[in-house]
Amino acid sequence: MDTIKRGFAIRLPFRLETQGLLCTAVLGAVGFVVLYPLLLLILNSFRVPGAGYGLDHWAAALREPGMLTAVFNTAKLTLLLQAISFPVAMLIVWLLARTDIPGKNWIEFLFWIAFFAPSLPIVLGWILLLDPDFGILNQVLKQVFSLETGPLNIYSFWGILWVHLATKSVVVKVILLTPFLRNMDASLEEASRVAGVGPLRTLARIVVPVMAPAIMVVMLMSVIHLLETFEIEQVLGPPFNFYVYSTMIFRLLQIEPPQYGAATALAVMILVAMVPLILLQQNISRSRRYTTVTGQYKAQRFALGRWKWPAFALVLGLGFFFTLLPVVFLGLATFMRLFGFFDLPDPWTISHWSRVLSDSIFLRSLKNSLLLGAGATLLAVLCYPLIAYIVVRTRYRARAILDFLSWLPIAIPGMILGLGFLELFLGSPVFRPLYGSIFVLILATSISSMTLGVQLLKSNLLQLGQELEEASWVAGGSWAYTFRRVILPILAPVMITVGLVAFIAATRNVAGIALLVTSQNRPLAMLQLDYMVDGRYEAAAVVGVIVMLLTCGVALLARLFGLKLGIRN
Amino acid sequence: MAGTILQLCQISRIFGSTRAVDRLNLEIQEGEIFTLLGPSGCGKSTTLRLITGLERPDEGEIYLRGKAVASVSQGVFIPTHKRNMGMVFQSYAIWPHLTVFENVAYPLRAHGVRGAEVKERVSKALALVNLQGFEDRPGPLLSGGQQQRVALARAMIYEPDILLLDEPFSSLDAKLRDQMRVELKQLQRRVGITVLFVTHDQVEALSLSDRIAVMESGRAVQVGSPQQLYERPEKPFIRDFLGKSVVLHGRIARVGPENQLEVVLAGKPQRTFLIHSNRNVASVSQPSAGQRVFLSIRPEDIIVGQSGGQPGAGENRNEMEGTIAALQFQGDRYECHVQVGEDRVVLYYPRPSPYRVGQTIRFYLPATALSVWTQ
Ligand SMILES: Nc1ncnc2c1ncn2[C@@H]1O[C@H](COP(=O)(O)OP(=O)(O)OP(=O)(O)O)[C@@H](O)[C@H]1O
Ligand SMILES: [Mg+2]
């Protein structure tokens with residue numbers, strides 16, 4: 001009885017005219033920024049200049065050399081990455097959540113930092129380690145085995161795969177699943193053990209089935225996440241003529257004349273391929289509510305015995321690989337006259353720092369980055385609570401649609417959304433004046449961080465007793481008065497977190513804005529990419545360190561305000 | 001003469017296929033403590049939420065001082081914040097980000113009261129609930145009883161037309177609960193406010209209320225004073241919900257003058273019972289000889305020992321005996337379960353008890369305390 005009652009969503013009873021209008025306005029705005037670019041893409045992929053509609057662009061896309069290879073490469077990379085990263089991640093999750101591995105808080109913290117770290121500086125760190133000519137690791141190996149050339153080449157399929165593994169693939173799964181396994185009701189397992197079933201069969205018959213929906217969600221999320229990436233392939237792929245769909249879209253727009261039609265058709269192809277993933281994800285997370293159980297009891301931690309320290313070394317080593325190692329070399333690079341050449345006379349210098357820091361291009365980018373971050377934060381703090389509130393607490397008829405719309409952006413790769421925005425802003429005379437302004441970038445990056453922000457606020461609102469609000473209505477507070485004096489102040493700490501997360505997402509974003517950036521509104525992350533593509537590694541490293549400090553520093557701040565991530569029951 | 005302050009006409013609230021409140025009619029008088037009493041899930045909270053406007057009715061009308069605040073047929077629905085009611089929530093809903101002062105001042109500020117008046121009225125309200133000196137305490141740093149008083153002060157500060165309380169004492173310990181109950185009643189008498197109280201605790205309802213409505217499946221099955229409900233329940237449900245009762249199987253042997261009944265008990269000891277006065281014939285409208293009935297009595301009305309000397313007794317009428325099946329020590333008395341034929345009789349015996357389990361005990365059921373029910 002009690003559990004059933006707790007499940008009721010008690011909702012705002014009155015449907016004031018103004019409130020309905022406000023909800024509709026929010027729905028309209030979110031729908032416009034999320035759906036309209038996508039609709040535009042679909043429409044444009046069938047639009048033939050001067051001839052109405054047709055399949056010309058699709059034909060052009062399929063004719064384009066390397067196009068099918070790029071799609072195939074995307075699929076190959078995705079599948080292989082999941083196959084490798086999943087077992088590794090599950091092992092780490094289990095070690096962190098259910099065993100007596102030492103120092104688990106610190107290890108988890110390392111993973112947490114890695115979760116927020118921007119990819120690009122890490123990629124650069126790995127280039128500095130694994131470049132066939134000057135990569136430190138290759139130099140060491142050459143010395144030790146007296147080889148002619150470096151044996152490891154980061155500019156290869158396996159190099160790209162490695163960098164993916166070392167940046168997000170494993171880390172995302174660990175961060176999302178560890179809290180889930182840790183919070184899973186231990187009495188479920190204990191009941192099975194008491195019933196006379198051994199630990200391994202309990203794992204197979206209870207733990208895995210209960211966790212299955214969460215695992216599925218995380219798998220789907222990381223597939224979607226992978227489709228999101230762009231910068232790793234953009235830096236490492238072209239030197240050996242390797243493209244995935246996102247770098248292909250980018251290339252199609254860079255060549256002369258730009259192939260808008262083919263790029264659009266490719267984007268739509270990927271969108272269509274994602275529809276089943278999206279549906280599956282929605283389906284699972286809807287049914288998840290009924291399959292998992294919360295519990296106060298913590299499981300007795302599994303004693304690792306003599307495996308304790310090897311396990312510790314393994315996990316710490318991985319955490320170290322994912323964060324410190326590349327970052328150390330990134331830092332090193334900023335102080336070397338020419339990276340990797342230790343035998344130069346006087347190899348150390350601070351001239352890169354002084355040159356970059358006094359460069360007007362850098363200063364403009366820094367300003368752009370800060371503006372972008374601040375704008376995204378502001379937008380997040382103003383809009384996400386409203387969306388979350390409407391979805392959780394009102395009886396607005398279309399709230400489920402709003403909920404879906406606010407979730408959808410996480411499933412839309414930044415490159416595709418960016419292309420949609422490009423066509424929106426260039427294609428309509430109303431919006432064209434905005435093109436090249438920082439506002440466009442704020443909008444594009446905010447959309448990709450909307451999902452996390454709204455979800456955080458939603459779960460907090462759900463925990464917030466409904467009666468706190470009702471007490472205000474009964475006391476004579478109107479809807480707006482209650483929102484201002486009760487909801488917002490109580491949500492303030494979460495809102496700070498949401499704002500900081502939006503800041504991080506905006507300042508490290510590359511894929512979503514790569515197509516929208518001009519020399520006027522280019523932020524630091526894009527500047528670093530441009531430096532790297534030009535081969536100016538030392539300057540890129542300086543910018544990378546700054547982006548790293550900006551994002552990870554803010555992430556630490558968010559942690560102080562109690563940011564917690566992960567799938568929870 | 002106090003008039004009707006709140007009137008519910010044929011109010012229904014339907015969730016999916018359950019009628020949480022089902023064509024409910026209630027009338028609450030100015031200045032009384034009116035209690036909604038009923039088992040869990042019978043629709044008490046939903047009724048309160050309908051009255052405050054936290055829920056919209058699916059059918060029916062609600063009038064506050066004769067003015068419709070919700071009416072499906074007229075399409076009227078006054079939103080919660082314009083109804084001028086006070087409410088104490090089960091969880092108290094003390095806003096954690098505000099101090100005691102600000103919590104209590106909130107309704108005033110929401111109604112646009114400003115300046116010195118706020119201060120003055122808040123200190124008056126806090127004095128009323130004995131919480132002077134707690135003004136600057138943050139809400140979460142209060143004990144349960146204190147939170148409850150803050151909630152009470154907050155609910156009453158804007159001088160609401162009616163004060164609603166949804167199981168306000170359920171999260172307090174037994175002792176504090178007794179104390180708060182007394183305080184609430186005194187406070188209500190002092191201020192004279194109308195109180196609508198919700199509980200599933202019968203002791204609370206009986207001791208606090210002027211009138212009680214017993215609810216079952218979204219309907220009010222009987223409305224009346226605590227004494228009326230306890231002594232003359234109209235339905236077996238109410239009889240069993242309010243206090244304990246002993247139920248015996250029987251058959252009417254003879255209908256005497258003035259509705260005097262003679263009932264023969266089923267089972268071994270074929271004894272005739274005499275029942276006086278028609279008011280105890282609760283659900284038997286037309287008693288006739290041979291009709292199967294239940295006899296019911298409150299355990300505390302059963303007198304242990306012989307009937308000799310009791311008024312209306314004579315020729316061992318209404319006496320029974322049985323074997324003691326269980327004996328429970330309850331501190332101030334013994335509860336004694338006696339097997340009589342197929343029926344179990346519960347009665348109380350003062351301590352110290354000379355009886356043991358397995359012994360035979362004689363007792364007497366006063367005719368005025370017995371009631372007859374159809375089977
Ligand atoms: N929001 C809702 N959605 C669906 N059903 C509901 C909702 N609220 C209440 N109910 C159902 O309506 C019935 C009455 O609920 P209500 O909360 O009014 O009971 P109650 O008498 O207050 O019980 P308790 O003493 O346990 O608080 C219950 O069967 C409950 O399951
Ligand atoms: Mg209730």
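How is chain A divided into domains? Let's start there, and thanks for coming, everyone. One reminder before we go on: what you have in front of you is a predicted model.

Chain A splits into domain 1, covering 1-46 + 355-569, and domain 2, covering 55-289 + 308-333. In the contact between them, domain 1 of chain A puts in 49 residues and domain 2 of chain A puts in 58 residues. How much area is buried between domain 1 and domain 2 of chain A? It comes to about 4700 Å², and carbon and sulfur atoms give 76% of that. As for salt bridges between domain 1 of chain A and domain 2 of chain A, the count is zero.

Now let me step back to chain A as a whole. You'll find 24 helices and two strands in chain A. Of its 569 residues, 56% are buried. Take the contacts in chain A between residues at least 6 apart in sequence: 79% of those join residues at least 24 apart. On the outside, chain A exposes about 24300 Å², with 68% supplied by carbon and sulfur atoms.

Let's stay on the surface for a moment. Which residues make the nonpolar surface patch of about 630 Å²? They are Leu35(A), Leu39(A), Ile42(A), Leu43(A), Phe46(A), Tyr53(A) and Leu55(A). Helix H2 of chain A, residues 17-46, gives the most to this nonpolar patch, with five residues. One residue to click on is Ile42(A), which sits in helix H2 of chain A. Its relative accessible area is 36%, so Ile42(A) counts as partly exposed, and because patch residues need over 30% relative accessible area, Ile42(A) clears that cut-off.

Finally, the partner chain. As many of you know, the size of an interface is often given as the accessible area lost when the parts come together. For chain B and chain A, that buried area is about 2300 Å², with 61% of it on carbon and sulfur atoms. The contact draws 31 residues from chain B and 24 residues from chain A. How many salt bridges are found across the interface of chain B and chain A? The rule finds two. A salt bridge to look at on your screens is Arg49(B) with Glu470(A), where the closest N and O atoms are 2.7 Å apart.

So, to recap the salt bridges: zero between domain 1 and domain 2 of chain A, and two across the interface of chain B and chain A. Thanks for listening, and I'm happy to take questions.

How values were computed: Residues numbered from 1 in each chain as written. Chains lettered and ligands numbered in written order. Predicted model: local features only at pLDDT ≥ 70, side-chain atom pairs only at ≥ 80, totals over all residues. Heavy atoms only, no water. Patch = residues over 30% accessible without salt bridge, like charges linked within 9 Å, V, L, I, M, F, W, Y side chains within 5 Å. Areas by Shrake-Rupley, 256 points an atom, 1.4 Å probe, with all protein chains shown as cover. Salt bridge = Lys/Arg side-chain N within 4 Å of Asp/Glu carboxyl O. Helix = DSSP H or I, 4+ residues; strand = E, 2+ residues; numbered from the N terminus. Buried < 20%, exposed > 50% of the residue type's maximum accessible area, 1.4 Å probe, protein only. Domains from an automatic or database assignment. Contact = heavy atoms within 4.5 Å. Buried area = accessible area lost by both parts, 1.4 Å probe.
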